[in-house]
Amino acid sequence: MTSGHGVRAVRALKVYCPIDREALAPLMRGELPTAAQAGAFTAIIDLIRADNPLGDFGIYRSVIELTTGLESFTPGPDARPTLGDADTAALSPTAILTVYIPSDAPQEAVDRAIEAILAAHPWEVPVIELSETALITRS
């Protein structure tokens, strides 16, 4: 008996992006906020949708898993935070964008896309994860 599935090696890129409460509301309704509501978030979405290997699923492209959350942090005395004050705990509404990158994608194209996301990200210390994983596929 053969299995009905395969395995596809990928890298997962997860970007934590601040959003304000005005942008959070449409996301919670399952809608994308406007650029006026969520500048950096919208810019990062546009970068993922550009011509690059981010979110490449073959017959689908620009596939983005989008979740919302809250991020808590305390800026140190030398920080220049986008939100909050030094030595005071802050809470930020956050959009979490996860895209998968084929393991055989050209590294130069992946690097360019990640550099563009870093340039668009408003945080002094962006939280961006890159990990090796695999996706289950239909045979």
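**A four-stranded sheet and its helices**

In this predicted model, four strands form an open sheet in the order β2-β3-β1-β4, paired antiparallel; strands are DSSP runs of E with at least two residues, helices are runs of H or I with at least four residues, and both are numbered from the N terminus, while two strands pair if DSSP finds at least two bridges between them. Strands β2 and β4 (127–138) lie at the edges with a single partner strand each, so one side of each has no neighbour in the sheet. On average, neighbouring strands are turned by 30° against each other, direction ignored. Axes are lines fitted to C-alpha atoms, for helices over the stretch in contact, and angles between N-to-C directions run from 0 to 180 degrees.

Strand β1 (residues 5–18) runs antiparallel to β4, and twelve bridges join the two. Val 15 has Ile 128 in β4 as its bridge partner.

Two helices lie across the sheet strands. Helix α1 (residues 21–28) crosses β2 and β3 (90–102), at about 145° to β2. Helix α2 (residues 39–49) lies across β1, β2 and β3, running at about 0° to β3.

Glu 65 belongs to strand β2 (residues 65–73). Its relative accessibility is 40%, which is why Glu 65 counts as partly exposed, the class between buried (under 20%) and exposed (over 50%), with a 1.4 Å probe and protein chains only. Beyond neighbours within four places in sequence, Glu 65 contacts Ile 96, Leu 97, Thr 98 and Tyr 100, contact meaning heavy atoms within 4.5 Å.

Residues are numbered from 1 along each chain as its sequence is written. Local features need pLDDT of at least 70, side-chain atom pairs count only at pLDDT 80 or more, and totals for chains, interfaces and linings use all residues, while side-chain values use heavy atoms, leaving out hydrogens and water.
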